[in-house]
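This briefing introduces one structure to a reader who has not met it before. Please look over the sequence and the structure shown below, then continue with the points that follow.

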Amino acid sequence: MTDDRRTGLPSAAARGVGLEGAHDRYIGHLDMDAFFAAVEQRDRPELRGRPVIVGGLGPRGVVSTASYEARVFGIGSAMPMSRARRLCPQGVFLSPRFSRYKAVSEQVRAILHNAASAIEPVSLDEAFFDLTARAASFADATKQVIAIKAEVERTTRLRCSVGLAPNRLLAKLASELAKPGGIRPIAPSQVRDLLDPLPVGRLPGVGPVTRRRLAGIGVQTVGQLRRIAPEVLVREFGQHGGYLHRIAHGEDETPVAARVESRSISREVTFPEDVTDRQHLEAVARELSADVARQLQQEKLVAKTVRIKVRFPDFRTETRQASFGVGIDSPHLLGQVATDLLRHRVEIGSGGLRLLGVGTGGLHRSAARQLSLFDETGWG
DNA sequence: TCTGGGGTCCTAGGACCC
DNA sequence: TCTGGGGTCCTAGGACCC
């Protein structure tokens, strides 16, 4: 913001170092419109203009993406598929084809890589990118964004929405405002007028729980949140309170930077029907472990903790974990630990389980990878 | 309406060590 | 015999995001 110096000490301290003299950044956020459904409609022209719903087709599936035609019926992401079918019986219901989406996503990322000094993918259909080092002014950055959007749409034959703003928070809000298919620059001078009327739930990081708690202290809009003293927010929400204060002011110094390494790798399944058979559950645990191990090895990582996750028919969810002094990546060992945890640390009642998951954490590079690093630097 | 699957980050309590 | 405080690691759960 242009008037950062106005607020005084607490927020300046909370923002951390390096702000003084920092000049405006030009941060972009690109979001593919109704991505999974749009890819299906692009690949199969007969689906164009029809309500297309992509998601899990089993009895317990949920909607991943609904095309704009389907949204007219009130269908949206995370909705149970059973409900979506009731709302729109004539809809076209499809299982996701992730490898297809991933290929498109890589095309988009390549374009962004080429155009920006840094990019940070958020998911298959979303990415932040930083034009600060490549643009002479906000107007110049806007021109570049127009070109980027055109290239993405020409290459993929899909529509996207793009936001441009001084930071990630605002860029993300901007791309939402740009939907569908638009470009929305937010200049620093516009920030307050734009934020103040928004409901707090529109801010990233404010979910249902925080929204309810904020409503409890009389806060419903960003403008109201902005007027709450930072000390009050910190007292109520701890660390998160400091974050709330900053985003209410439209402040976000987080850099655009691709994550280097996975912090956790996991697989889980929700069964079509609750499973009571222990043998079956243990077999599934071993399969999930093998999948996790495969990915660990692919990424040249080993795990120091192994975790299982169970969900009961009443939706209660529990986790159990075990840690080790050395890193693990073998499917057999992972499966052994997972089945042990399942057998000895969880009370599975007569109702069985509706979900079983195997996860790993405490990841670090495996020895093999370290050796190859030595090789690369000529020390091998 | 009946709730996926893949993640990230944070919190709080307890063990253990110095 | 009673009792410190800090640091780190582990565990379980939870909020949130796409």
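Aspartate 274 is located in strand E9, and this briefing starts from that residue. The model is a predicted one. The points below then take up the surface near DNA strand B, helix H2 and the domains of chain A.

**Aspartate 274**

- Aspartate 274 is partly exposed, because 14 other C-beta atoms lie within 10 Å, whereas a buried residue would need 20 or more and an exposed one 12 or fewer.
- Setting aside residues up to four places away in sequence, aspartate 274 touches Pro313, Gly351, Gly352, Leu353 and Arg354.
- One of these partners, arginine 354, is 80 residues from aspartate 274 in sequence, yet the two are 4.5 Å apart in space, C-alpha to C-alpha.

**Surface near DNA strand B**

- Strand E9 (265–275), which holds aspartate 274, also contributes to the surface near DNA strand B.
- With six residues, E9 gives the most to this surface.
- Helix H4 (81–87) likewise supplies at least two residues of the surface.
- There are 22 residues around DNA strand B, and those that come nearest are Gln239, Arg263, Ser264, Thr270 and Phe315.
- By class, the residues of this surface comprise ten polar, seven nonpolar and five charged.

**Helix H2 and its surroundings**

- Helix H2 spans residues 35–43 and is mostly covered, with seven of its nine residues buried.
- The buried residues of H2 are Phe35, Phe36, Ala37, Ala38, Val39, Glu40 and Gln41.
- These buried residues pack against four strands, namely E1 (27–32), E2 (52–55), E3 (63–66) and E4 (92–94), and against helix H5 (98–115).

**Packing of H2 against H5**

- The axes of H2 and H5 are 10 Å apart, and the two helices pack at an angle of about 95°.
- H2 is therefore roughly perpendicular to H5, since angles of 65 to 115 degrees count as such.
- On the H2 side, the contact is made by Phe35, Phe36 and Val39, and on the H5 side by Arg100, Tyr101 and Val104.
- The contact of H2 with H5 has five nonpolar residues, one charged residue and no polar residues.

**Domains of chain A**

- The domain assignment of chain A gives domain 1 (23–185), domain 2 (196–248) and domain 3 (265–365).
- The centres of domain 1 and domain 3, taken over C-alpha atoms, are separated by 32 Å.

Notes:
Residues numbered from 1 in each chain as written. Chains lettered and ligands numbered in written order. Predicted model: local features only at pLDDT ≥ 70, side-chain atom pairs only at ≥ 80, totals over all residues. Near = placed C-beta within 6 Å. Nonpolar A, V, L, I, M, F, W, Y, C, P; charged D, E, K, R; others polar. Contact = placed C-beta atoms within 7 Å. Axes fitted to C-alpha atoms, helices over the stretch in contact; angles between N-to-C directions. Parallel < 35°, antiparallel > 145°, perpendicular 65-115°, else oblique. Domains from an automatic or database assignment.
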